[in-house]
Amino acid sequence: MELFSDHFKKNHVLSRIDARVKLLVALVLLAMVLSYRGFAFPSLVTLFCLFLCIMMRIPLRALVLRFSEPLFIAAVVLFLKCFYSGEDALFSVDIMSLRVVGHADGLIEGLLIVSRIIGAVSVVAVLGFATPFTEFMAGLSWFRVPKGFIEILMFAYRYIFVFFEDAQVIYQAQKNRLGYSTVRRGLNSFGTLAGALTIKAFDHSQSTTVAMVQRGYDGAMPMLRHKPFKSSEVVASALFLVVMGVVWKM
């Protein structure tokens, strides 16, 4: 449960910067990473973001969980590009009368995509680790993201913790009754758990809607009001983007 909380967001320099500034810098860096034609800039951004995570003292387990899914997707992309794309044969392997050929140009193209994926995920990860969720939502509202979308995100973030605790309770009860002793019983237990959580989600949505309507909720969230920009943060961010732009053009 701790991995889904803000317990690792310490009082560091990045946490005190305006969320709107961090969002703008992250968006520009994402555009640079995704548009770069090579390995150098995405790799540099990845190393810089990992350095920032170390400076923020992000737990290693949190980093592994945050990067596990993107790394899996990157590995699949690299595999498909290497064996199903390209023309220059790099190596070949015979597996049960089936000849599998790896292509050099496909491997290089796959590595380019992988570097962009890891670089982009690193930027998003640093933004998430350095920005509390409420400030992140306030920054999105300043960028004129629809209020309905922000409202859904707020409620989803609120109830993901509730559903996680409910899932733990149900899972422990099933486990104590040997619900996962075999593969078949495990699948049945998992289906029961998923169905129970779905029913709880509908119940929570109805009760929350009724409670907020009764309290006169009209869609206006006070925490989404913005403070004036700090000139020091704007200047520092602009200089950082200029330096990264120079590196991107090299």
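Let me start with the contacts of Q174 in this predicted model: once we set aside the neighbours within four places in sequence, Q174 is in contact with G179, Y180, S189, T192 and L193. The residue itself sits in helix α6, which spans residues 147–176. As for its exposure, Q174 has a relative accessibility of 12%, and because buried means under 20%, we count Q174 as buried.

Now to the charged pairs, where I would ask you to follow along in the structure. How many salt bridges does a search of the whole structure find? The search finds two, and I will take them one after the other.

In one of them, R20 pairs with D18, and the closest N and O atoms of this salt bridge are 2.7 Å apart. If you look at the surroundings of this pair, you will find that R20 and D18 are both buried.

The other salt bridge joins E109 to K81, with 3.1 Å between the closest N and O atoms. Here the two partners come from distant parts of the chain, 28 residues apart, since E109 belongs to helix α4, residues 104–130, while K81 belongs to helix α3, residues 60–84.

Are E109 and K81 buried or exposed? Neither word fits, because partly exposed covers the range between 20% and 50%, and E109 has a relative accessible area of 34%, while K81, at 22% relative accessibility, also counts as partly exposed.

So, to put the two pairs side by side, R20 and D18 are buried, whereas E109 is partly exposed, and so is K81.

Notes. Residues numbered from 1 in each chain as written. Predicted model: local features only at pLDDT ≥ 70, side-chain atom pairs only at ≥ 80, totals over all residues. Heavy atoms only, no water. Salt bridge = Lys/Arg side-chain N within 4 Å of Asp/Glu carboxyl O. Buried < 20%, exposed > 50% of the residue type's maximum accessible area, 1.4 Å probe, protein only. Helix = DSSP H or I, 4+ residues; strand = E, 2+ residues; numbered from the N terminus. Contact = heavy atoms within 4.5 Å.
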